[in-house]
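Visitor: I'd like to go through this one with you and ask how each label was earned. Can we put the structure up?

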Number of protein chains: 4
Amino acid sequence: MKRWPEMTLAGGPVQATERTLRDMARPILYHYDPVFIELFDRASTLLKTVYRTKYDVVILQGEAILGLEATAAGLLSPGDKVLNLVSGVFGKWFELFIEKYGGETVELRVPYNEAIDPEAVRKKLKATPGIRFLSVVHSETPSATVNPVAEIGKIAKEFGVLTLVDTVSGLGGEALSPEEWGIDVAIAGPQKCLGGPPGLSLLAISPEAWKAMESKKNPLRGSFLSILDWKDTWLEKKVFPYTPSVTTMYGLESVLAQAVEEGVERMAARHGAIARACRRGVEALGLKLWAAREEIAGPVVTGVVVPEGIEDRALRGHLRERYGIMISGGYGELSGKLFRLGHMGMAARPAYLCAQLAMLERTLKDLGRDVHLGSGVGAALESLSGWSF
Amino acid sequence: MKRWPEMTLAGGPVQATERTLRDMARPILYHYDPVFIELFDRASTLLKTVYRTKYDVVILQGEAILGLEATAAGLLSPGDKVLNLVSGVFGKWFELFIEKYGGETVELRVPYNEAIDPEAVRKKLKATPGIRFLSVVHSETPSATVNPVAEIGKIAKEFGVLTLVDTVSGLGGEALSPEEWGIDVAIAGPQKCLGGPPGLSLLAISPEAWKAMESKKNPLRGSFLSILDWKDTWLEKKVFPYTPSVTTMYGLESVLAQAVEEGVERMAARHGAIARACRRGVEALGLKLWAAREEIAGPVVTGVVVPEGIEDRALRGHLRERYGIMISGGYGELSGKLFRLGHMGMAARPAYLCAQLAMLERTLKDLGRDVHLGSGVGAALESLSGWSF
Amino acid sequence: MKRWPEMTLAGGPVQATERTLRDMARPILYHYDPVFIELFDRASTLLKTVYRTKYDVVILQGEAILGLEATAAGLLSPGDKVLNLVSGVFGKWFELFIEKYGGETVELRVPYNEAIDPEAVRKKLKATPGIRFLSVVHSETPSATVNPVAEIGKIAKEFGVLTLVDTVSGLGGEALSPEEWGIDVAIAGPQKCLGGPPGLSLLAISPEAWKAMESKKNPLRGSFLSILDWKDTWLEKKVFPYTPSVTTMYGLESVLAQAVEEGVERMAARHGAIARACRRGVEALGLKLWAAREEIAGPVVTGVVVPEGIEDRALRGHLRERYGIMISGGYGELSGKLFRLGHMGMAARPAYLCAQLAMLERTLKDLGRDVHLGSGVGAALESLSGWSF
Amino acid sequence: MKRWPEMTLAGGPVQATERTLRDMARPILYHYDPVFIELFDRASTLLKTVYRTKYDVVILQGEAILGLEATAAGLLSPGDKVLNLVSGVFGKWFELFIEKYGGETVELRVPYNEAIDPEAVRKKLKATPGIRFLSVVHSETPSATVNPVAEIGKIAKEFGVLTLVDTVSGLGGEALSPEEWGIDVAIAGPQKCLGGPPGLSLLAISPEAWKAMESKKNPLRGSFLSILDWKDTWLEKKVFPYTPSVTTMYGLESVLAQAVEEGVERMAARHGAIARACRRGVEALGLKLWAAREEIAGPVVTGVVVPEGIEDRALRGHLRERYGIMISGGYGELSGKLFRLGHMGMAARPAYLCAQLAMLERTLKDLGRDVHLGSGVGAALESLSGWSF
């Protein structure tokens, strides 16, 4: 068998704490065992704390893409106009779900190293009557950028538009709140900033979103894609529509508890500080950040333009094979253009960041690039002055 | 927090071996880490061995109900006639998927303590022209019965009908084989006889089934419900359509390896011997088996008619609260009519069976029923004469 | 590799809860890490609660036999008279330590299926001037009997004799207290009723015992056998005399926490009730208990006379190989004369007891003995009427 | 509870691989369970491979200091002359055991940042008739230095002197061999280069050493300190003198298997390369290595002179509290004079070394020292050119 990596510092899933791993080794329970019911309930309550919300939360039992598809499938009716904000691969992909479920896409698009300008959203909404939904990716992981969802959501509210937010890798990286940010459906994943196992979609749903789902002509029920099924069963009767993923739920409950122990705001600030230090390190190495501007660079991964003369796959393969560090490449149409240094969850700490930058330096040099060894780490360390997390 | 059960002897999920639990505590990997690719590949190969098949296998990343819905969604076109064999709650439920995806149901139904007669299937197929698919539940867990799928599948083949088999709790309990039994799509779960975590659908797919999916007018692609997406990605290119459930896959790989080490035939025989002993124990206690006949009683759970004067929930609650044994009740319309003693996976061994029967005896007596204590265990022990697994 | 047992129901070590196992997988810490210091401290405090004592406790980093030897080595001076009460193999063995460290043994001995009579102790103390120490085994595991230490200790106190008690398998099985029982040095192990890993000696030490150690001519210091080293280091300065067994300490802390959560008295009562039920089951099978009288039969293992016509090793081997149940045989000079059914820790619960008795029944029958199958379990179940732990 | 460290990079115990941690969560077995016997046997065989020896190995069930004391206790007779080579705290401490067990110490001592010169040993042996044993510490962990045991052992052989070697932290860091190096008793620990749990002494014993133990006037038997007890029981009859530390043995078996999979020579070379890189990093930071010369600096920890103006405890406390890195201070009389960067086991890899150096840099700067951030990491990276482990 191949050698396991020393550190998984990718775009998610990322390495989990040993506490999380041990918690996933808890005995498998029958889903109607009182202990499991209690645990599922506690996970739901913790999730509300992490989302800083009083809205209902729903934990769909499939990876976050299920939550995205379920949102489109549950809300859209044929002909619904959806303003889809596109600043990256994931934003663009949501269009497929819009159209699969009969919606009509109105696109507002920026280059994939840029972020959406809230004023452009306002202009578009003004200019395009009849828009019912707005969809946007909060943390555009493949581009390592973030969109200003708090401002966008408020504008959408002015226009009475329901806001659907892919915050799969955003939750925990920023201290969001559906109510404050004007989000009607938020979809997050446990395998990013929370450092949990993939396999679940974490949804927060506004009363308006529930109403929209229920008032559809044929509300989506009786399907793995149905969010309403969970309202009818778990939320109202504490029963399940089908068998939940017991072990993955153990992981979720564990990472949510850890997040609440740390404090959501503190956790977000920690991610921000590490991302900043990472950027300083990358720049000091003479590499170019993918994000067009500092303000839009994301707190969970840092995108780096693949430098001339080096092949992306070779770089990542070398890091993994020789130094045991797993990072991520570009995705979809960005493939080969950037690589991504992950700093989520437990890895958003100085020791892991410096390990990653150091191995990147060594790798660049191994591959023939002129590197002043230690300069990336040094700049990151400089930026970490005053670290207190 | 409530006390964890001593033993989970339910209708699934069931208790896992300590090896399985430890394997699920393996570090979370990025899904494109070479070690994870290797592990996913190995799990697929092991799954073929357990299915005793050369057909393609697909591991959908959601609980078995996803596999059932995906099968209907991927194969049925509006107007397709489906002969749905109903011998229990799960068989009946499949009708919902048939109709959600435009199929037309032709039902062949028997009482829920009975099994389908293959000859009746032949007669029905003869009498009803234009049937394209046949759907049947192999192990009808809520009724604790099995249908003779091997014979049914062969008959279906005679008529050129594609056979869709829910063997969620069947795989491992009997030594099936899609090729030998005439199955075109088999759907199993890891959380039953294999003793793994819930959260996956294990599919075996015949070439004819692939062809049927691909030749639909609008083949289902770009959806969490799509089986074809896995053909286009994993099977053909070793990439994933979305992030798989890493930890749950660790569990699957582990239980499949354990099954192959034991041997599939041997494992099935072990389940059969324990189920037989369980029935002898139940009868000796003066209780009535739910299954109408010995030959159709299932190897994975034993259904017992709730005896007069005892309330089902009280019985199960007492067993769980006082003796730490978690069993299952009836399901859906069978709720309150029977309770189910699980004997799957690691629990399909004499020590666990006797512990379960003993605690059932004590519970019945605690609840006021006249029981000759030890008689159930004694009859089971008698039946276990010659045990050699 | 050989197959792991289903259940370890031996004379100790015994099977651990899954919580205990997970806790032992905590990351290995440097022993001066603040988290480890905190954990060692917490374990010490919990140990006092479990011992129901205000005396100092010392956790020697070697299996309980280390604690026994260290007690002799630390207290005895050449010529010291020690009244050694012998009711079994372990009691007799302590004589070796007495003599190795220069003591002079005065023996009070009963047959190995009997217990010491407190009045005989009083008589012996009266008749033998100059006795300085009294040594006694509380729970004589190889004989599955207990001595009335509470009464013996009080008598020793009357005579100003220091009492050294081997309660390796006693702690947790009865709710003892050094102060109330008149014990000066108690030595217990984590691998018996507490259900932890072997590898530690758990000592409670009276002020008088400390004084005796310190006032020896050459107090034992600077040795793995030294108890005083722990007073000089850990108790007084929170440093260690050498590197403690980190992982084993994790196990100890875990099982102590679990014992305190359950409650020591409740835990002891639970062991008592299960032992009683076990004896009823054994008798109903026509087997003979090893203990001469009900009152002296121990709460942690049940000794059973090997029945005529059956070879002890064959019986235990069959149970282990065929049914996955590991029990214990006789020990030392009792080898081949009795076998022992363990019911300690998590196994001291009805489900495990009945599993064990059932497999014993089946084994006896497999080996040719005439057994009314179910009768042992039945009698145990009868005895468990009103179980409420 | 305090926060767990991110990385334990101390002088041992050190952090374990996740595989090791999981293996220690294996169910606790009765020590006479066939699976445990098999595992203990396998561990013994693996230990021989790691020791590269055909000598008997003995696994004493207590931390390495037990092995050291047992060696003195088992071999020395009153009046025996022992040439004790002292190049550090641990070497000096062995004198206590020599004298406790009646030996007469002949000391050859060098400053604690130096190593023993083999020629000085030869001279001493020539000049001092009647020396029976020579004792030496291979890897003097508190000084982070190594002695040239291979040469010393050969000289001792010339003089017919039995050589006792404390290689507690040496095994795995260099590819030693008792036969080739002329060692009669080697004592190692699992918690250093092997990355296992503390709590065991790993001994390799030459036929001459056995003979010396057995031919003593009163061979040491019947004691926790006895090595001969293990010869009489485990080596000859596959029984145990007392209950072994089951969980710790799981850890040992696991780390030995991992070492053999990597290859002992390769593992040693890896430790050497990392130690070298560490020294280059330390020097680049303007810090002074404790070891007087490059050739005697050890492969498992790097000792660094505490720089003026910085308090050792403050430095280590800051590293641990703020950056989650646990390192070690000086020990005994070296306390406060040096601190030690550990790089043993899984931590002997570039990513962990660079993380450690980076956090050290940041800490030095936080505490007011002028540091060119990144320079230490840079020099280490330079040294790691061509890394291929």
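Guide: Sure, and let's start with handedness: a crossing is right-handed if the near helix is turned clockwise from the far one by less than a right angle, and left-handed if anticlockwise. By that test H5(B) passes H6(B) in a right-handed crossing. Keep in mind that this is a predicted model.

Visitor: Why is H5(B) called roughly parallel to H6(B)?

Guide: The axes of H5 (residues 118-127) and H6 (residues 149-158) of chain B cross at roughly 20 degrees and come within 9 Å. Angles under 35 degrees count as roughly parallel, so H5(B) is roughly parallel to H6(B).

Visitor: Which residues of H5(B) and H6(B) meet?

Guide: From H5(B) you get B:Pro118, B:Glu119, B:Val121, B:Arg122 and B:Leu125, and they meet B:Glu151, B:Ile152, B:Ile155, B:Ala156 and B:Glu158 of H6(B). Sorted by class, that contact has 6 nonpolar and 4 charged residues, with no polar ones.

Visitor: Over in chain A, what makes H3(A) oblique to H4(A)?

Guide: H3 (residues 64-75) and H4 (residues 89-100) of chain A pack at about 40 degrees, with their axes 8 Å apart. Roughly parallel needs an angle under 35 degrees, and roughly perpendicular takes 65 to 115. The angle of about 40 degrees fits neither label, so H3(A) is oblique to H4(A). Their crossing is right-handed.

Visitor: What does the contact of H3(A) with H4(A) have by class?

Guide: There are 5 nonpolar and 2 charged residues, and no polar ones. A:Ile65, A:Leu68, A:Glu69 and A:Ala72 sit on the H3(A) side, meeting A:Phe94, A:Phe97 and A:Lys100 in H4(A).

Visitor: Now the chains. How do you know that B:Arg320 forms a salt bridge with A:Asp33?

Guide: The closest N and O atoms are 2.8 Å apart, and the rule asks for a side-chain nitrogen of Lys or Arg within 4 Å of a carboxyl oxygen of Asp or Glu. So the pair B:Arg320 and A:Asp33 qualifies. The rule finds 2 salt bridges across the interface of chain A and chain B.

Visitor: What area is buried between chain A and chain B?

Guide: About 4700 Å², with carbon and sulfur atoms giving 67% of that. A:Trp4, A:Ile28 and A:Tyr30 supply 17% of what chain A buries against chain B, more than any other three residues.

Visitor: And how many residues of chain D and chain C are in contact?

Guide: 62 residues of chain D are in contact with 62 of chain C. There, C:Asp33 and D:Arg320 meet in a salt bridge at 2.8 Å, N to O.

How values were computed. Residues are numbered from 1 along each chain as its sequence is written. Chains are lettered from A and ligands numbered from 1 in the order in which they are written. This is a predicted model: local features need pLDDT of at least 70, side-chain atom pairs count only at pLDDT 80 or more; totals for chains, interfaces and linings use all residues. Side-chain values use heavy atoms; hydrogens and water are left out. Axes are lines fitted to C-alpha atoms, for helices over the stretch in contact, and angles run from 0 to 180 degrees between N-to-C directions. Helices (H or I, at least four residues) and strands (E, at least two) are DSSP runs, numbered from the N terminus. Angles under 35 degrees count as roughly parallel, over 145 as roughly antiparallel, 65 to 115 as roughly perpendicular and the rest as oblique. Contact means heavy atoms within 4.5 Å. Ala, Val, Leu, Ile, Met, Phe, Trp, Tyr, Cys and Pro count as nonpolar, Asp, Glu, Lys and Arg as charged, and the others, Gly among them, as polar. Buried area is the accessible area (1.4 Å probe) that two parts lose on being put together, summed over both.
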